[in-house]
Structures are given as structure tokens and as C-alpha cells.
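Got your viewer open? Load the model shown here and follow along, selecting as we go.

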Amino acid sequence: MNRFHRWYCRSDHWFRLADGRLLPWAVGTLPLGDHLLELGCGPGRVTPALAALVPHVTSIDIDRQALGEVRARAPAARPVAGSAVELPFECASFSSAVACAMLHHVAGSGDQRRLVAETWRVLRPGGWFVGCDPLDGLVMRILHLGGTFRPLTPGRLERILHDSGFDDIEVATTGSYVRWRARRV
Ligand SMILES: C[S@@+](CC[C@H](N)C(=O)[O-])C[C@H]1O[C@@H](n2cnc3c(N)ncnc32)[C@H](O)[C@@H]1O
């Protein structure tokens with residue numbers, strides 16, 4: 001991530017957008033079960049909202065520094081350092097998974113596919129995978145200059161979810177964001 005992005009992920013502007021609008025729009029009233037996996041939690045701006053929805057949250061990120069902030073913001077969540085492309089968890093460990101604004105930061109389309117397949121692997125049957133991500137656009141490209149920006153089209157996202165084994169797939173857009181909901185049956 002570029003320096004602007006590191007700052008923005010910690011800002012109140014992002015908190016209001018992510019916690020107040022994007023996350024509720026993505027999650028809705030889906031049943032998330034007892035143990036949620038948060039993929040790419042960053043400094044944990046949305047972790048407290050997730051921790052309020054379920055008894056247990058495990059939050060993974062490749063950025064160890066950000067995980068320290070997760071501990072402070074959401075003491076109930078279990079922060080784990082690692083890559084969502086190779087999840088360090090047993091199969092069928094979680095009742096749900098959430099990825100808020102992280103998929104476009106995953107370097108290659110092969111890695112994005114692996115992340116979705118790994119999420120399917122660690123979900124229990126019946127578990128929902130929910131997420132939101134920015135769509136491609138000039139402003140988004142400028143915001144990500146010097147960092148990784150691999151936005152997915154709604155169609156490609158749907159294909160990846162389908163190819164990874166997910167069912168009950170729903171993909172929708174609003175303004176500059178896409179959300180998805182998909183279930184491991
Ligand atoms: C824009 S931040 C979003 C943070 C948080 N989800 C939020 O909504 O505030 C994207 C995060 O994805 C993380 N990330 C990127 N690639 C990752 C990977 N392969 N595995 C785990 N986390 C990753 C980055 O380190 C960064 O913290």
C-alpha cells in the first residue's frame with residue numbers, strides 16, 4: 001500500500017464509509033455463526049463492528065504492524081499474522097468470512113483466485129463469505145498510485161466465486177464499490 005493509503009485506512013473518513021455504509025451493505029442480516037474470519041483486517045477499523053456480530057473473530061493480515069492496532073481497537077478479536085492466499089487454518093474452521101476492501105490489494109489474479117479457494121476451504125458447510133471492494137476507476141487508480149490495485153469486475157468476481165465452489169452467489173454494485181455474498185454449501 002502507498003503512504004496515502006496507509007493513512008487513509010486509519011482515518012475517520014474511511015471509518016465512516018466502511019463501518020457506517022460498506023460493511024452493513026455487504027453483511028446485511030446474513031447469519032454469520034459463531035466464529036468469523038476477517039481477511040485483510042488492516043489496522044482494524046471494522047473489526048469492532050464484526051466482533052459485535054459474533055462470539056469469536058479471527059483477523060488475519062500480512063502487515064504485522066497493523067495487527068498491533070487491531071489488538072488495541074478490538075481486544076476480543078484474535079489477530080493472526082499471515083497471508084490470506086495460504087490461510088494457516090484447518091479446513092472447515094470458521095462459520096463465516098468477511099473481506100472488507102482487501103481483495104484488490106492481493107497482487108495477482110492467480111493469488112486472488114487462491115484466496116477465494118482458501119476461504120472456501122476454511123469455511124464450514126453453510127458458511128457465508130461476504131466482502132466489498134472498490135471498482136476500477138480513475139479516482140481509485142490515483143488513490144492507489146505506487147501500490148497494488150487489482151480491482152475485479154462484478155462478472156469476474158462471480159466467476160471466481162463459482163469456480164472456487166461457492167453457491168448462492170450474489171454480486172451487486174453501488175457507486176464505486178462492489179459487494180458479494182456467497183455460501184459454501
Ligand atoms: C485497504 S486495507 C483494508 C483494511 C480493513 N479490511 C479495512 O476495511 O479497514 C487492505 C489490507 O489488506 C491486507 N492484505 C493485502 N494482501 C493480503 C494478503 N495476501 N493476506 C492478508 N492480508 C492482505 C493489507 O496488508 C491491508 O491491511
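Select H35 to begin: it counts as buried because its relative accessibility is 18%, where buried means under 20% relative accessible area, exposed over 50% and partly exposed in between, with a 1.4 Å probe and protein chains only. H35 belongs to strand β1, residues 35–39 (strands are DSSP E runs of at least two residues, numbered from the N terminus).

Now add T58: its side chain and that of H35 make a polar contact of 2.7 Å, that is, a pair of N or O atoms within 3.5 Å, where within protein one must be able to donate a hydrogen and the other to accept it, and residues adjacent in sequence count only if both atoms are side-chain atoms.

A word on the ground rules: this is a predicted model, with local features needing pLDDT of at least 70 and side-chain atom pairs 80 or more, while totals for chains, interfaces and linings use all residues. Numbering runs from 1 along each chain as its sequence is written, and side-chain values use heavy atoms, leaving out hydrogens and water.

Next, pick the ligand and show the 18 residues around it (a heavy atom within 4 Å). W14, G40, D61, A84 and C100 come nearest.

Which polar atoms face nitrogen atoms of the ligand? Zoom in on these:

- G40: a polar backbone atom, 2.7 Å from a ligand nitrogen.
- C100: a backbone N or O atom, at 2.8 Å from a ligand nitrogen.
- S83: a polar side-chain atom, 3.1 Å from a ligand nitrogen.

Terms used: Helix = DSSP H or I, 4+ residues; strand = E, 2+ residues; numbered from the N terminus.
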